[in-house]
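Here are a few worked exercises to go through with the model open beside you. Try each task before reading its solution.

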Amino acid sequence: MSDHGKFMKRAIELARQTALVERAGGPFGCVIVKDGEIIAEGVNRVLADKDPTCHGEIAAIRAACAKLDTHVLTGCILYTSCEPCPMCYAASCWARIETIYYAATIQDAKEFGDFDDVSICEAVKLPPSERALPALEIDRDEMLKVWREFQEMPERIHY
């Protein structure tokens, strides 16, 4: 079995354990690998923790960042049992994950588990005011003052 297969097998094992055995959340497991070694694992605990953001990828990213003591996961590879939802994909981008490997697709998650990430993917393509959950701009001028101060802050940390 290739390393890719070994790491994906672990992500799938985590998905099975959390969904079918523990019943803590959906069948979503994730591992993050650096230099050929698993440095973090995460599972979906949305139901157990009553937290809609507690996806496997988010949990694994948090654990990897804590382990490496950084918010940047350059050189890390993420293996997940299902194609990441928009939130998890964005978090992977922000963490600077090198590559994402997934087993099932978001269409599979919809068909077999009624997880509808497709509608969110479509919504983010729309202008904010036209989305099912509208996002409406207010007090922009006031916030731009804060942005300008942040921009001019000496020795500000770069994200």
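Buried means under 20% relative accessible area, exposed over 50%, and partly exposed in between (1.4 Å probe, protein chains only). Helices (H or I, at least four residues) and strands (E, at least two) are DSSP runs, numbered from the N terminus. The model is predicted, so local features need pLDDT of at least 70 and side-chain atom pairs count only at pLDDT 80 or more, while totals for chains, interfaces and linings use all residues. Residues are numbered from 1 along each chain as its sequence is written, and side-chain values use heavy atoms, with hydrogens and water left out.

**Exercise 1. The overall layout**

Task: find the order of helices and strands along the sequence of the protein.

Solution. Begin with the count: the protein has seven helices and four strands. Next, read along the sequence to get the pattern α-β-β-α-α-β-α-β-α-α-α. For the dimensions, the C-alpha trace spans about 55 × 40 × 25 Å along its principal axes. Finally, of the 159 residues, 31% are buried.

**Exercise 2. Helix H1 and its two sides**

Task: work out which residues of H1 are buried, and which exposed residues its face turned away from the buried side carries.

Solution. Start with the length. The expected span of a helix is 1.5 Å times one less than its number of residues. For the 19 residues of H1 (residues 3–21) this gives 27 Å, which agrees with the 26 Å between the end C-alpha atoms.

Now list the buried residues: Phe7, Met8, Ala11, Leu14, Ala15, Thr18 and Ala19. Looking down the axis of H1, these buried residues fall within an arc of 115 degrees, so they line one face of the helix. The arc is taken from the directions that run from the helix axis to the C-beta atoms. On the face turned away from the buried side, H1 carries the exposed residues Arg16, Leu20 and Val21.

What covers the buried residues? The cover includes strands E1 (29–34), E2 (37–43), E3 (76–82) and E4 (99–104), where contact means heavy atoms within 4.5 Å. Just after H1, Arg23 takes a positive phi of about 55 degrees.

**Exercise 3. A residue in strand E3**

Task: decide whether Thr80 is buried or exposed, and find what Thr80 is in contact with.

Solution. First place the residue: Thr80 lies in strand E3. Its relative accessible area is 0%, so Thr80 is buried. Then set aside the neighbours within four places in sequence; the contacts of Thr80 are Met8, Ala11, Gly29, Cys30, Glu57, Ile100, Tyr101, Tyr102 and Ala103.

**Exercise 4. How H3 and H4 pack**

Task: describe how the axes of H3 and H4 cross.

Solution. Two packed helices are described by the angle between their axes and the distance between the axes. Axes are lines fitted to C-alpha atoms, for helices over the stretch in contact, and angles run from 0 to 180 degrees between N-to-C directions. The axes of H3 (residues 56–68) and H4 (residues 86–94) come within 9 Å and cross at roughly 20 degrees. Angles under 35 degrees count as roughly parallel, over 145 as roughly antiparallel, 65 to 115 as roughly perpendicular and the rest as oblique. H3 and H4 are therefore roughly parallel to each other. For the residues involved, Glu57, Ile58 and Ile61 in H3 meet Met87, Cys88, Ala91 and Ser92 in H4.
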